Amino acid sequence: MLSTGALRAHLLAARLAGPVATSREESLRSYRLFAARDPRVTLGLDPEWGWGERDLLRLMADKCGVSPDPAHVSGPDVIDPERTLAGLDALAGRIREVADRRGAVLFGTGHPHRLLAFYAALADALSAAGCDVLTPAQGRCVDITTRFGVRTYNLDYVRGVALVREPGARGAGSATGAHTHSPLPVRVALGAAAGLRGRLPDLVVGDHGWVCGAGQLGIEAVGLADTDDPALFVGEAEGRVSVAVPLDDAVRSDYYRPLTRYVLNRACLSQ
(Lines give C-alpha, C1' and ligand atoms only; values in the text may rest on other atoms or scores of the structure.)
Protein backbone atom coordinates (compact mmCIF):
# COMPACT_ATOMS: atom_id res chain seq x y z
CA MET A 1 0.00 0.00 0.00
CA LEU A 2 1.26 3.49 -0.86
CA SER A 3 1.78 5.39 2.40
CA THR A 4 0.60 8.93 2.96
CA GLY A 5 4.20 10.05 3.34
CA ALA A 6 5.23 8.43 0.05
CA LEU A 7 2.30 10.01 -1.77
CA ARG A 8 3.08 13.42 -0.27
CA ALA A 9 6.64 13.11 -1.56
CA HIS A 10 5.35 12.11 -4.99
CA LEU A 11 2.93 15.06 -5.12
CA LEU A 12 5.81 17.45 -4.54
CA ALA A 13 8.30 15.70 -6.84
CA ALA A 14 5.81 15.53 -9.72
CA ARG A 15 4.65 19.11 -9.05
CA LEU A 16 1.08 17.95 -8.57
CA ALA A 17 1.23 20.02 -5.39
CA GLY A 18 3.68 22.49 -3.94
CA PRO A 19 4.79 25.01 -6.59
CA VAL A 20 2.83 24.01 -9.69
CA ALA A 21 3.00 24.89 -13.38
CA THR A 22 -0.17 26.99 -13.20
CA SER A 23 0.93 30.59 -12.84
CA ARG A 24 -0.34 33.11 -10.33
CA GLU A 25 -1.34 35.30 -13.28
CA GLU A 26 -3.57 32.52 -14.69
CA SER A 27 -5.22 31.93 -11.33
CA LEU A 28 -5.92 35.60 -10.64
CA ARG A 29 -7.32 36.03 -14.15
CA SER A 30 -9.72 33.15 -13.52
CA TYR A 31 -10.85 34.73 -10.24
CA ARG A 32 -11.55 38.02 -12.02
CA LEU A 33 -13.54 36.26 -14.73
CA PHE A 34 -15.46 34.17 -12.21
CA ALA A 35 -16.37 37.29 -10.21
CA ALA A 36 -17.77 38.70 -13.48
CA ARG A 37 -19.74 35.42 -13.99
CA ASP A 38 -17.90 34.61 -17.20
CA PRO A 39 -19.22 31.21 -18.37
CA ARG A 40 -15.73 30.18 -19.48
CA VAL A 41 -14.78 29.82 -15.82
CA THR A 42 -18.11 29.24 -14.05
CA LEU A 43 -18.17 25.86 -15.88
CA GLY A 44 -21.93 25.47 -15.68
CA LEU A 45 -22.23 26.56 -12.06
CA ASP A 46 -24.69 29.33 -11.20
CA PRO A 47 -23.30 30.65 -7.90
CA GLU A 48 -25.83 31.47 -5.21
CA TRP A 49 -23.53 33.80 -3.30
CA GLY A 50 -21.86 37.00 -4.42
CA TRP A 51 -18.22 36.16 -5.07
CA GLY A 52 -15.82 39.05 -5.53
CA GLU A 53 -12.16 38.63 -6.41
CA ARG A 54 -11.04 38.96 -2.78
CA ASP A 55 -13.67 36.43 -1.68
CA LEU A 56 -12.40 33.95 -4.26
CA LEU A 57 -8.79 34.52 -3.27
CA ARG A 58 -9.65 33.80 0.38
CA LEU A 59 -11.61 30.71 -0.66
CA MET A 60 -8.78 29.37 -2.79
CA ALA A 61 -6.26 30.04 -0.03
CA ASP A 62 -8.45 27.97 2.28
CA LYS A 63 -9.24 25.18 -0.19
CA CYS A 64 -5.93 24.94 -2.08
CA GLY A 65 -3.30 26.75 -0.05
CA VAL A 66 -2.55 29.50 -2.57
CA SER A 67 -1.19 32.75 -1.17
CA PRO A 68 -3.98 34.92 0.25
CA ASP A 69 -1.94 38.06 -0.45
CA PRO A 70 -3.55 40.07 -3.28
CA ALA A 71 -0.20 41.79 -3.83
CA HIS A 72 1.30 38.44 -4.87
CA VAL A 73 0.61 38.65 -8.60
CA SER A 74 3.30 36.65 -10.41
CA GLY A 75 5.26 33.42 -10.35
CA PRO A 76 4.09 29.83 -9.93
CA ASP A 77 1.01 29.21 -7.85
CA VAL A 78 1.16 26.85 -4.88
CA ILE A 79 -1.03 23.97 -3.69
CA ASP A 80 -0.70 22.64 -0.17
CA PRO A 81 -0.07 18.86 -0.44
CA GLU A 82 -1.93 18.30 2.84
CA ARG A 83 -5.06 19.70 1.23
CA THR A 84 -4.53 17.43 -1.77
CA LEU A 85 -4.21 14.40 0.51
CA ALA A 86 -7.33 15.39 2.43
CA GLY A 87 -9.21 15.78 -0.85
CA LEU A 88 -8.09 12.37 -2.10
CA ASP A 89 -9.22 10.81 1.19
CA ALA A 90 -12.62 12.46 0.80
CA LEU A 91 -12.83 11.31 -2.83
CA ALA A 92 -12.04 7.75 -1.76
CA GLY A 93 -14.82 7.97 0.80
CA ARG A 94 -17.40 8.91 -1.83
CA ILE A 95 -16.13 6.15 -4.13
CA ARG A 96 -16.41 3.62 -1.31
CA GLU A 97 -19.93 4.75 -0.45
CA VAL A 98 -21.23 4.35 -4.00
CA ALA A 99 -19.49 0.98 -4.27
CA ASP A 100 -21.17 -0.23 -1.07
CA ARG A 101 -24.62 0.40 -2.54
CA ARG A 102 -23.64 -0.66 -6.06
CA GLY A 103 -24.74 2.68 -7.41
CA ALA A 104 -24.57 4.10 -10.90
CA VAL A 105 -21.57 6.26 -11.77
CA LEU A 106 -20.79 8.58 -14.68
CA PHE A 107 -17.18 9.50 -15.44
CA GLY A 108 -16.18 12.39 -17.69
CA THR A 109 -13.10 14.49 -18.35
CA GLY A 110 -12.12 17.65 -20.15
CA HIS A 111 -8.47 16.59 -19.79
CA PRO A 112 -8.44 13.24 -21.63
CA HIS A 113 -4.74 13.39 -22.52
CA ARG A 114 -3.79 13.74 -18.84
CA LEU A 115 -6.54 12.28 -16.66
CA LEU A 116 -8.25 9.55 -18.67
CA ALA A 117 -6.23 6.72 -17.12
CA PHE A 118 -6.90 8.01 -13.58
CA TYR A 119 -10.66 7.95 -14.07
CA ALA A 120 -10.60 4.72 -16.10
CA ALA A 121 -8.94 2.83 -13.25
CA LEU A 122 -11.65 4.04 -10.86
CA ALA A 123 -14.31 3.05 -13.38
CA ASP A 124 -12.80 -0.42 -13.73
CA ALA A 125 -12.74 -0.90 -9.96
CA LEU A 126 -16.30 0.28 -9.47
CA SER A 127 -17.54 -1.92 -12.30
CA ALA A 128 -15.79 -4.90 -10.70
CA ALA A 129 -17.52 -4.00 -7.42
CA GLY A 130 -20.92 -4.29 -9.08
CA CYS A 131 -21.56 -0.64 -9.92
CA ASP A 132 -23.21 0.43 -13.16
CA VAL A 133 -20.70 2.61 -15.06
CA LEU A 134 -22.96 4.63 -17.35
CA THR A 135 -22.20 5.54 -20.97
CA PRO A 136 -25.25 7.51 -22.16
CA ALA A 137 -25.41 9.50 -25.40
CA GLN A 138 -22.54 7.64 -27.05
CA GLY A 139 -21.75 9.36 -30.35
CA ARG A 140 -24.14 12.25 -29.73
CA CYS A 141 -23.17 15.64 -31.20
CA VAL A 142 -22.42 18.49 -28.78
CA ASP A 143 -22.04 22.09 -29.98
CA ILE A 144 -19.51 23.91 -27.79
CA THR A 145 -18.52 27.56 -27.97
CA THR A 146 -14.73 27.92 -28.19
CA ARG A 147 -12.42 30.85 -28.82
CA PHE A 148 -12.63 29.86 -32.50
CA GLY A 149 -16.43 29.96 -32.52
CA VAL A 150 -19.02 27.22 -32.09
CA ARG A 151 -17.61 23.79 -32.87
CA THR A 152 -19.36 20.46 -33.04
CA TYR A 153 -17.87 17.55 -31.10
CA ASN A 154 -18.92 13.95 -30.63
CA LEU A 155 -19.42 12.44 -27.19
CA ASP A 156 -17.40 9.25 -26.83
CA TYR A 157 -16.44 6.84 -24.05
CA VAL A 158 -13.05 5.23 -23.51
CA ARG A 159 -12.89 2.55 -20.79
CA GLY A 160 -16.08 3.96 -19.34
CA VAL A 161 -14.89 7.58 -19.26
CA ALA A 162 -16.65 10.24 -21.33
CA LEU A 163 -14.78 12.74 -23.47
CA VAL A 164 -15.48 14.78 -26.56
CA ARG A 165 -13.60 14.63 -29.82
CA GLU A 166 -13.78 16.45 -33.11
CA PRO A 167 -15.55 14.62 -35.94
CA GLY A 168 -12.95 12.80 -37.98
CA ALA A 169 -10.46 12.59 -35.11
CA ARG A 170 -8.81 9.27 -34.40
CA GLY A 171 -11.33 6.52 -33.87
CA ALA A 172 -13.33 5.45 -30.88
CA GLY A 173 -11.29 3.93 -28.09
CA SER A 174 -8.38 6.36 -28.36
CA ALA A 175 -7.60 9.07 -25.83
CA THR A 176 -7.30 11.83 -28.44
CA GLY A 177 -10.19 13.82 -27.06
CA ALA A 178 -10.52 17.58 -26.89
CA HIS A 179 -9.67 19.73 -23.90
CA THR A 180 -12.87 21.42 -22.77
CA HIS A 181 -14.29 23.26 -19.78
CA SER A 182 -17.86 23.13 -21.08
CA PRO A 183 -20.77 21.74 -19.02
CA LEU A 184 -22.69 20.89 -22.21
CA PRO A 185 -21.34 17.32 -22.54
CA VAL A 186 -22.56 16.33 -19.08
CA ARG A 187 -25.94 17.94 -19.74
CA VAL A 188 -26.28 15.89 -22.93
CA ALA A 189 -25.20 12.72 -21.12
CA LEU A 190 -27.57 13.29 -18.20
CA GLY A 191 -30.44 14.12 -20.52
CA ALA A 192 -29.91 10.86 -22.37
CA ALA A 193 -29.59 8.95 -19.09
CA ALA A 194 -32.89 10.37 -17.88
CA GLY A 195 -34.74 9.57 -21.09
CA LEU A 196 -36.53 6.35 -21.90
CA ARG A 197 -36.63 5.33 -18.24
CA GLY A 198 -32.86 5.46 -18.10
CA ARG A 199 -30.85 5.46 -14.90
CA LEU A 200 -29.39 8.71 -13.62
CA PRO A 201 -25.99 8.47 -11.94
CA ASP A 202 -25.73 8.43 -8.17
CA LEU A 203 -22.31 10.01 -8.57
CA VAL A 204 -20.45 11.93 -11.29
CA VAL A 205 -16.66 11.82 -11.19
CA GLY A 206 -14.55 14.12 -13.33
CA ASP A 207 -13.33 17.68 -13.75
CA HIS A 208 -14.28 21.05 -15.19
CA GLY A 209 -17.83 21.22 -16.56
CA TRP A 210 -18.50 17.54 -15.85
CA VAL A 211 -18.44 18.25 -12.11
CA CYS A 212 -19.96 21.72 -12.02
CA GLY A 213 -22.60 20.95 -14.64
CA ALA A 214 -23.73 17.85 -12.76
CA GLY A 215 -23.66 19.55 -9.37
CA GLN A 216 -25.75 22.43 -10.69
CA LEU A 217 -28.39 19.90 -11.75
CA GLY A 218 -28.48 18.30 -8.30
CA ILE A 219 -26.39 15.22 -9.08
CA GLU A 220 -23.67 14.43 -6.54
CA ALA A 221 -20.33 15.26 -8.13
CA VAL A 222 -16.68 14.93 -7.15
CA GLY A 223 -13.50 15.73 -9.00
CA LEU A 224 -10.10 17.27 -9.49
CA ALA A 225 -9.33 20.96 -9.92
CA ASP A 226 -6.36 23.26 -10.41
CA THR A 227 -5.78 26.67 -8.85
CA ASP A 228 -7.30 28.37 -11.90
CA ASP A 229 -10.55 26.37 -11.58
CA PRO A 230 -12.36 28.22 -8.78
CA ALA A 231 -15.80 26.96 -9.86
CA LEU A 232 -15.34 23.51 -8.32
CA PHE A 233 -14.29 25.00 -5.00
CA VAL A 234 -17.16 27.50 -5.05
CA GLY A 235 -19.48 24.57 -5.76
CA GLU A 236 -18.00 22.73 -2.79
CA ALA A 237 -18.40 25.79 -0.54
CA GLU A 238 -22.03 26.20 -1.63
CA GLY A 239 -22.85 22.52 -1.24
CA ARG A 240 -23.30 21.51 -4.89
CA VAL A 241 -19.96 19.74 -5.30
CA SER A 242 -19.21 17.05 -2.73
CA VAL A 243 -15.42 16.94 -3.13
CA ALA A 244 -12.97 19.13 -5.05
CA VAL A 245 -9.40 17.80 -4.90
CA PRO A 246 -6.77 20.53 -5.42
CA LEU A 247 -3.90 19.49 -7.70
CA ASP A 248 -2.25 20.36 -10.99
CA ASP A 249 -4.53 18.76 -13.57
CA ALA A 250 -2.14 18.91 -16.54
CA VAL A 251 1.04 17.03 -15.66
CA ARG A 252 2.12 13.80 -17.38
CA SER A 253 -0.59 11.14 -17.28
CA ASP A 254 1.65 8.55 -15.59
CA TYR A 255 2.22 10.91 -12.65
CA TYR A 256 -1.38 10.28 -11.58
CA ARG A 257 -0.89 6.52 -11.18
CA PRO A 258 0.19 6.70 -7.52
CA LEU A 259 -2.93 8.77 -6.83
CA THR A 260 -5.05 6.04 -8.40
CA ARG A 261 -3.48 3.39 -6.18
CA TYR A 262 -3.92 5.59 -3.11
CA VAL A 263 -7.61 6.30 -3.77
CA LEU A 264 -8.41 2.66 -4.53
CA ASN A 265 -6.56 1.48 -1.41
CA ARG A 266 -8.39 4.04 0.73
CA ALA A 267 -11.68 2.98 -0.83
CA CYS A 268 -10.83 -0.72 -0.23
CA LEU A 269 -11.17 -1.38 -3.95
CA SER A 270 -7.61 -2.38 -4.86
CA GLN A 271 -7.56 -5.00 -7.58
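Which residues of H9 are buried? In this predicted model, they are Pro230, Ala231, Leu232, Phe233, Val234, Gly235 and Glu238. Helix H9 spans residues 230–238, and because 7 of its 9 residues are buried, the helix is largely enclosed by the rest of the structure. Its surroundings can be named element by element. The buried residues of H9 pack against four helices, namely H2 (24–35), H3 (39–42), H4 (53–63) and H8 (208–216), and against two strands, S9 (221–225) and S10 (243–246). After H9 comes Gly239, which has a positive phi near 90°.

From this helix the account turns to the nonpolar interior. The largest nonpolar core has 46 residues, and those with the most contacts inside it are Leu91, Phe107, Leu126, Val205 and Leu259. Helix H6 (residues 112–128) supplies the largest share of this core, 9 residues. A second, separate core of 42 residues includes Leu43, Ala61, Val142 and Ala244. Phe107 shows how one residue of the largest core is surrounded. Leaving aside residues up to four places away in sequence, Phe107 touches Tyr119, Leu122, Ala123, Leu126, Val133, Tyr157, Gly160, Val161, Ala162 and Val205.

Several strands can be followed next. Strand S5 (residues 141–146) and strand S6 (residues 149–158) run antiparallel and are joined by 6 bridges. Within this pairing, Ile144 has Arg151 in S6 as its bridge partner. The connection from S5 to S6 is a hairpin of 2 residues. S6 also pairs with strand S7 (residues 161–165), again in the antiparallel sense, over 5 bridges. Here the bridge partner of Val158 is Val161 in S7. Between S6 and S7 lies a hairpin with 2 residues between the strands, in which Arg159 takes a positive phi near 55°. Val161, as the bridge partner of Val158, links this description to the core, for Val161 is also among the residues that Phe107 touches.

Aromatic rings give another view of the packing. The count comes to 2 aromatic pairs. In one of them, Trp49 and Trp51 are stacked, with 5.6 Å centre to centre and 25° between the planes. The two members differ in exposure: Trp49 is partly exposed, with a relative accessible area of 42%, whereas Trp51 counts as buried at 11% relative accessibility. The rings of Phe118 and Tyr119 have centres 5.5 Å apart and planes at 75°, and the pair is therefore edge-to-face. Phe118 is buried, with a relative accessible area of 2%, and Tyr119 is buried as well, with a relative accessible area of 1%. Tyr119 is also one of the contacts of Phe107.

A last stop is a charged residue. Is Asp77 buried or exposed? With a relative accessible area of 1%, Asp77 is buried, because a residue under 20% counts as such. Asp77 lies in strand S2 (residues 76–79). Its contacts, not counting residues up to four places away in sequence, are Gly18, Pro19, Val20, Thr22, Ser23, Arg24, Ser27, Val66 and Thr227. Among these contacts are Arg24 and Ser27, whose numbers fall within helix H2 (24–35), one of the elements against which the buried residues of H9 pack.

How values were computed. Residues are numbered from 1 along each chain as its sequence is written. This is a predicted model: local features need pLDDT of at least 70, side-chain atom pairs count only at pLDDT 80 or more; totals for chains, interfaces and linings use all residues. Side-chain values use heavy atoms; hydrogens and water are left out. Buried means under 20% relative accessible area, exposed over 50%, partly exposed in between (1.4 Å probe, protein chains only). Contact means heavy atoms within 4.5 Å. Two strands pair if DSSP finds at least two bridges between them. Rings of Phe, Tyr and Trp (its six-membered ring) pair if their centres lie within 6.5 Å; planes under 30 degrees apart count as stacked, over 60 as edge-to-face and the rest as tilted. A nonpolar core is a set of buried Ala, Val, Leu, Ile, Met, Phe, Trp, Tyr and Cys residues joined through side-chain atoms within 4.5 Å.
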